[in-house]
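Thanks for coming. I will go through one structure this morning, part by part, and I will keep to what can be read off the model.

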Amino acid sequence: MARIDLDHIRHAYGPRPTSAKDYALKEVHHEWNDGGAYALLGPSGCGKTTLLNIISGLVQPSEGRILFDGVDVTHLPTEKRNIAQVFQFPVIYDTMTVYDNLAFPLRNRHVPAAEIDRRVRDILEMIDLSHWADRKARGLTADQKQKISLGRGLVRNDVSAILFDEPLTVIDPHMKWVLRSQLKKLHRQFGFTMVYVTHDQTEALTFADKVVVMYDGEIVQIGTPAELFERPSHTFVGYFIGSPGMNVLPARVDGSQVTIGDQVLGLDHAPDIGSAAKVELGIRPEFVRLGREGMPVEIAKVEDIGRQKIVRARFAGQPLAIVVPEDGEIPTDARVRFDPAAISIYADSWRVGKEA
Amino acid sequence: MLELKNVSKTVGAEVHIHPCDLVLQRGTLNVLLGPTLSGKTSLMRLMAGLDKPSGGSIHFDGKDVTGLRVQERNVAMVYQQFINYPALSVYENIASPMRIAGKDAATIDREVRKAADLLKLTPYLERTPLNLSGGQQQRTALARAIVKNASLVLLDEPLANLDYKLREELREELPRLFAASGAIFVYATTEPSEALLLGGNTATLSQGRITQFGPTIEVYRRPVDLNTARTFADPPLNIIELTKRGGQFLRQDVEAFAVPAHLAHMADGPATIAFHPHHLALAPAAPGAQRVPVRTLISEITGSESFIHVDFAGVRWVMLEHGIHDIEPDRAIDIYLDTRHLMAFGPDGAAIAAAPAAAA
């Protein structure tokens, strides 16, 4: 497995890009660790697939270099990069048996037969297709075929990286749970470098050690799932991670005092907002406490979604989402408190804080 | 009101829909929830008149419409794929059903603008669909279904191809649209969380059968059988085969946990016990919590929540905990099961009703 260096990479699909707007991928300059599990997460059009294609060699970046363990591979074609890929839809040989589909990449590389057999059986076990080993792939269902694709991506252990492009899209919701935790276990066991593209937050957050959040051709934050949740560095991350996303309220900051509409809150520090044109307070719905004390709030709607309730309210003239546990009480004359440790202040969409 | 009376559909030797009865009221949102190939699309095609039932009859507002073709019914459909006229502007796309119906220009203009406003498409009316994002394209298709003023609107996984944030926004908008129009809305999905967010009523489907129909949250909380409970669970339901003996549930003759009050009336003998992952916890916070020893398998952290996979007496369970809990795999720990929410099923899979006084 390999460390991946993304060295000042930019990419434009059109010729002769002049302004930042022309780049589908704005500057990416990062080093990804050997053995890391990275998820690229963002809405469609954010540049995540472009970045994956640059790593796999399907796309040559307009600028910058890509290195695997210090070796420049920028101009190497996909097949010379020693990577395994799993795509959104199954890519398998219909006329081969399930077993041979998995053995194929190993036989191609002249791996000894006993080693092939051991590895293929391990993978068959993992994707729960042991009983189907001798069946032709042709008659299988779409999600069984996709499981074979996944297995093929994982069967070699000598690749530099394994790249996944929305691999669980066609998989049944219940099977997703099983495969996700299998992937995670495998990663723990073998320490593969994995890059996983998805627009599904649960998939990204449960799979990765590091989630790379992309927005409008830029990486806006790379962090652990906990960091993205607790300290989103950009309001987009706050909005995109979490369901419902973070409440972002227009605010005014004076020293350690924040004003939202007619409400004033005290912070334990004075955020450095500089000369920002736009200041906002971010608070996640999970950290808004609904009770009989605190600031006035007007409840518009309560959505009972089974394991918790989502309360839609208006606070200081702004919409506010609040998460209440399954057995949580919603008082008639409700008031709210913001957990002080969970408040973030944003200046022109970027988080400022004690750390900044 | 749409009524399906003993409606079935067989194609060759294959049964697509087993005989079913269903009554949908005007002004309601009705979710068809089930995995792929459970019969959701087949049922919608029967409702629309795209297919003829093999048996039974379909009635609309009391009138038998069984043989009526889709063109003769007042039905609108929205599919998973975004279907618009690529050469027409968004405005003309939305206007098209009214032009076909021969409405006058002033009415068309008023209705298009109203629908565009409702679906936040006003800035894009002059664009063609291919210059829009997926979410805007699907909103265009939805707007067209709305202006058609159909009495039955069928939505077949309309949000499946969209980013989840767009889905979140549209899901919030949809119930509002439904409430405003007075039509019967039918919405097919494979995802339990989508059904819960939409609310309304839910019919669960499994292998061509409607297993239950009722208010969404009722079906979720009180499934009539194990199949329905399974269909309506994400994260997956935790299930275990136990034997009730007096006040205890036993697993292979070893005491697992005490029988909670709402199941005390159950007869002794084998039973299937099921519960949702959020009824397991690392700490004994809930009043009905009972300690269960487990072995940890793996934890998945989403930031706001952790999914901790554990093994209890050879059975794999998922625990959903708030916050971040990165637990070492393969360790023996004690966790707590809120037994007030246990569901019990008999050997035939039918739910064993909770004792009314003790119902959680």
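Let me begin with the domains of chain B. The domain assignment splits chain B into domain 1, residues 2-231, and domain 2, residues 238-358. Taken over C-alpha atoms, the centres of domain 1 of chain B and domain 2 of chain B are separated by 37 Å. How many residues of domain 1 of chain B are in contact with domain 2 of chain B? There are 6 residues of domain 1 of chain B, and they are in contact with 7 residues of domain 2 of chain B. On the domain 1 side of chain B, the residues that touch domain 2 divide by class into 4 nonpolar, 1 polar and 1 charged. Please keep in mind that this is a predicted model.

Staying in domain 1, I will look at one helix. Helix 4 of chain B covers residues 134-147, which is 14 residues. At 1.5 Å a residue it should span 20 Å, and its end C-alpha atoms are 20 Å apart, so the two values agree. Is this helix enclosed or open? Of the 14 residues of helix 4 of chain B, 12 are buried, so the helix is largely enclosed by the rest of the structure. Among the buried residues of helix 4 of chain B are B:G135, B:Q137, B:R139, B:L142 and B:I146. What do the buried residues of helix 4 of chain B pack against? The list is strand 6 (75-78), helix 2 (90-100), helix 3 (105-118), strand 7 (152-156) and helix 5 (164-181), all of chain B. After helix 4 of chain B comes B:N149, which has a positive phi, near 55°.

Next, some strands of chain B. Strand 19 of chain B, residues 332-338, runs antiparallel to strand 15 of chain B, residues 280-281, and 2 bridges join them. In that pairing, B:L280 has B:L337 of strand 19 as its bridge partner. Strand 19 of chain B also pairs with strand 16 of chain B, residues 289-301, in the antiparallel sense, over 7 bridges. Here B:Q290 is the residue that stands opposite B:L337. B:L337 therefore turns up in both pairings, with B:L280 as a bridge partner and with B:Q290 opposite. As background, strands of a sheet pair through backbone hydrogen bonds, either parallel or antiparallel.

Now chain A. This chain has 8 helices and 23 strands. Its C-alpha trace spans about 75 × 50 × 30 Å along the principal axes. Of the 356 residues in chain A, 43% are buried. If we take the contacts in chain A with a separation of 6 or more, 65% are between residues 24 or more positions apart.

A helical part of chain A comes next. In helix 2 of chain A, residues 98-107, the buried residues include A:V98, A:Y99, A:L102 and A:L106. The buried residues of helix 2 of chain A pack against helix 3 (113-126) and helix 4 (142-154) of chain A. Helix 4 of chain A contains A:G151. Is A:G151 buried or exposed? A:G151 is buried, with 22 other C-beta atoms within 10 Å. Leaving aside neighbours within four places in sequence, A:G151 is in contact with A:L102, A:I123 and A:I127. A:L124 is 27 residues from A:G151 in sequence, and the two are 7.4 Å apart in space, C-alpha to C-alpha.

Chain A also has an open sheet of 3 strands, in the order 18-19-20, with antiparallel pairing. Strand 18 (298-304) and strand 20 (318-325) of chain A stand at the edges with a single partner strand each, so one side of each has no neighbour in the sheet. From one strand to the next the twist averages 20°. Strand 18 of chain A is joined to strand 19, residues 308-315, by 6 bridges, and A:K301 has A:R312 as its bridge partner in strand 19 of chain A.

Last, the place where the chains meet. Here 32 residues of chain A are in contact with 28 residues of chain B. Helix 5 (173-190), helix 6 (201-207), helix 7 (225-230) and strand 18 of chain A each supply at least two residues on the chain A side. Which element of chain A gives the largest share of that side? It is helix 5 of chain A, with 7 residues. By class, the side of chain A that touches chain B has 12 nonpolar, 10 polar and 10 charged residues.

Conventions: Residues are numbered from 1 along each chain as its sequence is written. Chains are lettered from A and ligands numbered from 1 in the order in which they are written. This is a predicted model: local features need pLDDT of at least 70, side-chain atom pairs count only at pLDDT 80 or more; totals for chains, interfaces and linings use all residues. Helices (H or I, at least four residues) and strands (E, at least two) are DSSP runs, numbered from the N terminus. A residue is buried if 20 or more other C-beta atoms lie within 10 Å of its own, exposed if 12 or fewer, and partly exposed in between; C-beta atoms are placed from the backbone. Two residues are in contact if their C-beta atoms, placed from the backbone, lie within 7 Å. Domain bounds come from an automatic or database domain assignment. Ala, Val, Leu, Ile, Met, Phe, Trp, Tyr, Cys and Pro count as nonpolar, Asp, Glu, Lys and Arg as charged, and the others, Gly among them, as polar. Two strands pair if DSSP finds at least two bridges between them. Axes are lines fitted to C-alpha atoms, for helices over the stretch in contact, and angles run from 0 to 180 degrees between N-to-C directions. The expected span of a helix is 1.5 Å times one less than its number of residues.
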